[in-house]
Amino acid sequence: MTGPADTGGSSLALVLGGGGIAGIAWHTGVLAGLLESGVDVTGADLLVGTSAGSTVVAQLGAGRTPAELFERQVDPATLATELDSGVPLDDLIARLAPIYGARIDAAERRRRLGAMALGTETVDEATRRAVIAARLADAGWTGRRVEVVAVDTHSGDRRIFDAGSGVDLVDAVAASCAVPGVWPPVTIDGSRYVDGGIWSYTNSDRAAGHDRVLVLAPLVDPALDEEIAGLPGTPRVEVVVPDEASTEAFGVDVLDLAVREPSARAGLLQGRAEADRVRKLLAD
């Protein structure tokens with residue numbers, strides 16, 4: 001294993017996208033597989049996390065290693081306590097379909113998703129917050145550049161939480177992971193926030209200004225190509241999406257607690273397989 005990658009003085013942004021329980025596990029597996037192959041991207045100059053990705057960047061920013069995070073996904077003795085969503089995937093899709101199918105602009109769609117989230121009966125915020133706190137295992141903001149993405153339920157505007165926001169990291173991650181119709185919107189500074197994935201599954205445009213960008217995208221993101229094309233300058237970008245084995249491990253419901261271990265193990269194998277491609281991204 002090696003230490004953080006030497007990018008020859010260039011700047012690296014690591015962008016981790018949304019993908020539910022499966023996405024968290026897959027991220028940890030991919031990063032651990034890369035590291036096992038001598039490619040450590042966790043020393044990136046910027047860590048951007050959306051939904052599932054926010055959980056992982058929060059822990060990386062606090063100094064957790066990919067190997068440690070991987071073990072927390074596959075070892076029954078270290079698995080963080082999670083709540084079953086209790087929401088059948090078919091039911092959730094049925095509620096989301098009219099909003100995504102409506103002929104409205106993106107901002108209005110986000111507002112409608114926010115309204116749906118506010119109108120859904122879920123576990124209370126405190127109960128959900130305790131789950132996120134257990135996931136993060138005492139992680140807090142550090143000197144690392146970490147960005148956590150959420151969306152305001154009323155305005156539909158995107159908010160970026162970082163160390164300078166004056167917001168507890170647990171609250172920021174809970175907001176970024178608050179899937180509308182599944183988990184409660186999170187109250188921060190008098191506003192309610194939901195999953196940053198309703199803006200974009202990866203929010204990879206936040207990597208602007210960095211000349212090397214690695215995106216791990218558990219879910220197909222319709223906005224990803226446009227976001228990458230819009231990055232200023234000519235950054236070198238690599239995108240890793242689930243391969244066939246990882247997709248199979250995700251199953252039909254990325255929120256299913258049972259997918260954690262298989263998704264992490266599939267990600268580990270994929271990380272090893274992607275190591276040469278990512279190594280080239282970091283090379284001079």
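Ala, Val, Leu, Ile, Met, Phe, Trp, Tyr, Cys and Pro count as nonpolar here, Asp, Glu, Lys and Arg as charged, and the others, Gly among them, as polar. With those classes in hand, the pockets can be read by what lines them. The structure is a predicted model.

**Pockets and cavities**

The largest pocket has a volume of about 730 Å³. Its lining is made up of 35 residues. Nearest the centre of the largest pocket lie Leu 92, Val 179, Tyr 201, Leu 219 and Val 254. Three helices each give two or more residues to this lining: H1 (20-36), H4 and H6 (125-136). H4 gives the most, with 6 residues.

The second largest pocket has a volume of about 250 Å³. Its lining has 13 residues. Closest to the centre of this second pocket are Tyr 100, Gly 197, Ile 198, Trp 199 and Ser 200. Here H5 supplies the largest share of the lining, 4 residues.

Rolling a probe the size of a water molecule over the atoms shows where empty space is left. Enclosed space turns up too: there are 2 cavities of 30 Å³ or more. The second largest cavity holds about 30 Å³ of space. Its lining consists of Ala 58, Gly 61, Ala 62, Gly 140, Trp 141, Thr 142, Arg 144, Val 146 and Leu 169.

The table sets out the three linings by class.

| Space | Volume | Nonpolar | Polar | Charged |
|---|---|---|---|---|
| Largest pocket | about 730 Å³ | 23 residues | 7 residues | 5 residues |
| Second largest pocket | about 250 Å³ | 8 residues | 2 residues | 3 residues |
| Second largest cavity | about 30 Å³ | 5 residues | 3 residues | 1 residue |

**Helix H5**

Helix H5 covers residues 106-118, 13 residues in total. At 1.5 Å a residue, it should span 18 Å. Its end C-alpha atoms are 18 Å apart, so the model agrees with that expectation.

Which residues of H5 are buried? They are Arg 109, Arg 110, Leu 113, Gly 114, Met 116 and Ala 117. These residues cover an arc of only 160° around the axis, so they sit on the same side of H5. Their cover includes helix H4 (89-101), strand S3 (146-152) and strand S6 (191-195).

**Two buried residues**

Ala 150 belongs to strand S3. Its relative accessible area is 0%, and buried means under 20%, so Ala 150 is buried. Leaving out residues up to four places away in sequence, Ala 150 touches Asp 157, Arg 158, Arg 159, Phe 161, Ala 175, Ser 176, Tyr 193, Val 194 and Gly 196. One of these partners, Gly 196, is 46 residues away along the chain. The C-alpha atoms of Ala 150 and Gly 196 are separated by 3.7 Å.

Ser 204 sits in a loop, between S6 and strand S7 (212-216). Is Ser 204 buried or exposed? At 1% relative accessibility, Ser 204 counts as buried. Setting aside neighbours within four places in sequence, Ser 204 is in contact with Val 15, Val 215, Leu 224, Glu 227, Ile 228 and Leu 231. Asp 105 lies 99 residues from Ser 204 in sequence. In space, Ser 204 and Asp 105 are 20 Å apart, C-alpha to C-alpha.

Key
Residues numbered from 1 in each chain as written. Predicted model: local features only at pLDDT ≥ 70, side-chain atom pairs only at ≥ 80, totals over all residues. Heavy atoms only, no water. Expected span 1.5 Å × (residues − 1). Buried < 20%, exposed > 50% of the residue type's maximum accessible area, 1.4 Å probe, protein only. Arc of directions from axis to C-beta. Contact = heavy atoms within 4.5 Å. 1 Å grid on protein atoms, 1.4 Å probe; cavity = no way out; pocket = protein on both sides within 12 Å on 5 of 7 lines; lining within 4 Å. Points joined across faces, edges and corners; volume = space filled by probe spheres on them.
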